[in-house]
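Please open the structure in your viewer and keep the sequence panel visible beside it. The stops below suggest what to select next and say what is to be found there.

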Amino acid sequence: MLGKLARQHDANVLVGFDYADDAGVYRIGPDNALVQTVDFFTPIVDDPYTFGQIAATNALSDVYAMGGRPLTSLALVCFPEKGDLEVLERILAGGLSKMMEANCTIIGGHSIRDEETKFGYSVTGTIHPDRVLANKGAQAGDRLIFTKAVGTGVISTAIKKGTAKQSWIDAAVASMTMLNKAAAEVISGHRTRRNNSAADSHWAIHAMTDITGFGLVGHSRELAMASGVSLRLFAGKIPVLEGALDCVQANYIPGGLKANREFAECVVAFQQGISDELKTLLFDPQTAGGLLISVASDDSADLLQALRAAGVPAVEIGEVIPSDKPLIFVSK
């Protein structure tokens, strides 16, 4: 809807909503810019503390996805008037634990009475204007590195139906509460600036996004369209959470997955032999998902090694190719 309204013209807006980026970036000086984002949602797990952790991890991720460093946050709370305040305290405590882990200070918030609990944060971070990573910038020949597994949406649906195995829940929660901080620090500490300053590392990372509500295909689509390229994903290399394929087989399909597929399936082609279950998971809406990184092919192996050394389970899952139809091709 914002795109239909009159645009504001401000030369300090480095990243707005033109290319569906993860956060906005606003320059406040020659060497500094603000990264701003907001995200909140309804509970996807039963435990209030864990829900708070997931909500915080998810909100922080958008700053990391731009290459930024989170600084401050504001809590957003919707809670029933007659709800148990101990539950709300546990939600806030879970969120605080992740904000502390991210060295991001909670400086306030806002709450309203609502029959349905919702929780999240508005997060502000900083970044050097020359180091912003957006959807736009991927180049043909780049490799695509992904830092988490997919499947949180279908597993969350199984949790809501009370049919998820404990091992599935544990795997999904571990993924959704793992900050993208370590990956972002590896990237920001070893990335070439746009002006190719000799003082910087040689790694050439051209674009980045995090895989969240629109799923792997949806966010890959945004990156490809913004960059004017196409993508080839290798189905056999895409990491999948334990139990995710079982959930698809059992038809634990969230509404968001169906909407994602209806919207984005037209830009994807699949090589024969890829299972229907895996095809479905590529549209699964993720919560606090991993980073999708477009990096020059010469630097891919070094970046992978550095990410893994930092404890990030990164995998190379595809490559950037010249603009073509389909926009995204998924091969074995």
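Begin with a single residue, A20: in this predicted model A20 is partly exposed, with a relative accessible area of 37%. It sits in the loop between β1 and β2 (24–29), and its phi is positive, about 55 degrees, although A20 is not a glycine.

For a companion to that stop, select A288, which lies in the loop between α9 (276–281) and β11 (291–295). Here too a residue that is not a glycine has a positive phi, in this case of about 50 degrees, but A288 counts as buried, its relative accessibility being 1%.

A further backbone feature can be found by selecting K325 and P326, since the peptide bond that leads from K325 to P326 is cis, with omega near 5 degrees. P326 belongs to the loop between β12 (315–322) and β13 (328–331).

Now zoom out to the whole chain, drawn as a cartoon, in which 10 helices and 13 strands are to be found. The radius of gyration is 19 Å, close to the 20 Å that the globule rule gives for 332 residues, so the protein is as compact as a globular protein of that length. Along the principal axes, the C-alpha atoms fill a box of roughly 55 × 50 × 45 Å. Of the 332 residues, 54% are buried, and among contacts between residues at least 6 apart in sequence, 83% join residues at least 24 apart.

Next, colour the open sheet of six strands, whose order is β1-β2-β3-β6-β4-β5 and whose pairing is mixed. Its edge strands are β1 (13–15) and β5 (105–113), each of which pairs on one side only, and from one strand to the next the twist averages 25 degrees. Within this sheet, select residues 32–41 and 118–127, which are strands β3 and β6, and follow their antiparallel pairing over nine bridges; one position to label is Q36, whose bridge partner in β6 is T124. Then add helix α2 (residues 85–101), which packs on the sheet and touches β4 (69–79), β5 and β6, while its direction makes about 20 degrees with that of β6.

Which residues have the most contacts inside the largest nonpolar core? They are I155 and V330, and the core to which they belong has 83 residues. Helix α1 (residues 48–65) gives the most to this core, with eight residues. Centre the view on I155 and, leaving aside residues up to four places away in sequence, show the residues that it touches, which are A164, W168, A172, L241, E242, G243, A244 and C247. A second, separate core has 17 residues, and I145, V186, I205 and L291 are included in it.

The last stop concerns the cysteines. A disulfide is a covalent bond between the sulfur atoms of two cysteines. With a cut-off of 2.5 Å between the sulfur atoms, the count comes to zero disulfides. Select C78, which is in no disulfide and whose nearest cysteine sulfur, that of C104, is 20 Å away. Why does C104 form no bond with C78? The sulfur of C104 is 20 Å from that of C78, its closest cysteine sulfur, and this is too far for a bond. Both side chains can be shown together with the surface: C78 counts as buried at 11% relative accessibility, and C104 is buried as well, with a relative accessible area of 5%.

Technical notes:
Residues are numbered from 1 along each chain as its sequence is written. This is a predicted model: local features need pLDDT of at least 70, side-chain atom pairs count only at pLDDT 80 or more; totals for chains, interfaces and linings use all residues. Side-chain values use heavy atoms; hydrogens and water are left out. Two strands pair if DSSP finds at least two bridges between them. Helices (H or I, at least four residues) and strands (E, at least two) are DSSP runs, numbered from the N terminus. Axes are lines fitted to C-alpha atoms, for helices over the stretch in contact, and angles run from 0 to 180 degrees between N-to-C directions. Contact means heavy atoms within 4.5 Å. Buried means under 20% relative accessible area, exposed over 50%, partly exposed in between (1.4 Å probe, protein chains only). A nonpolar core is a set of buried Ala, Val, Leu, Ile, Met, Phe, Trp, Tyr and Cys residues joined through side-chain atoms within 4.5 Å. The radius of gyration is taken over C-alpha atoms; the globule rule is 2.2 Å times the number of residues to the power 0.38.
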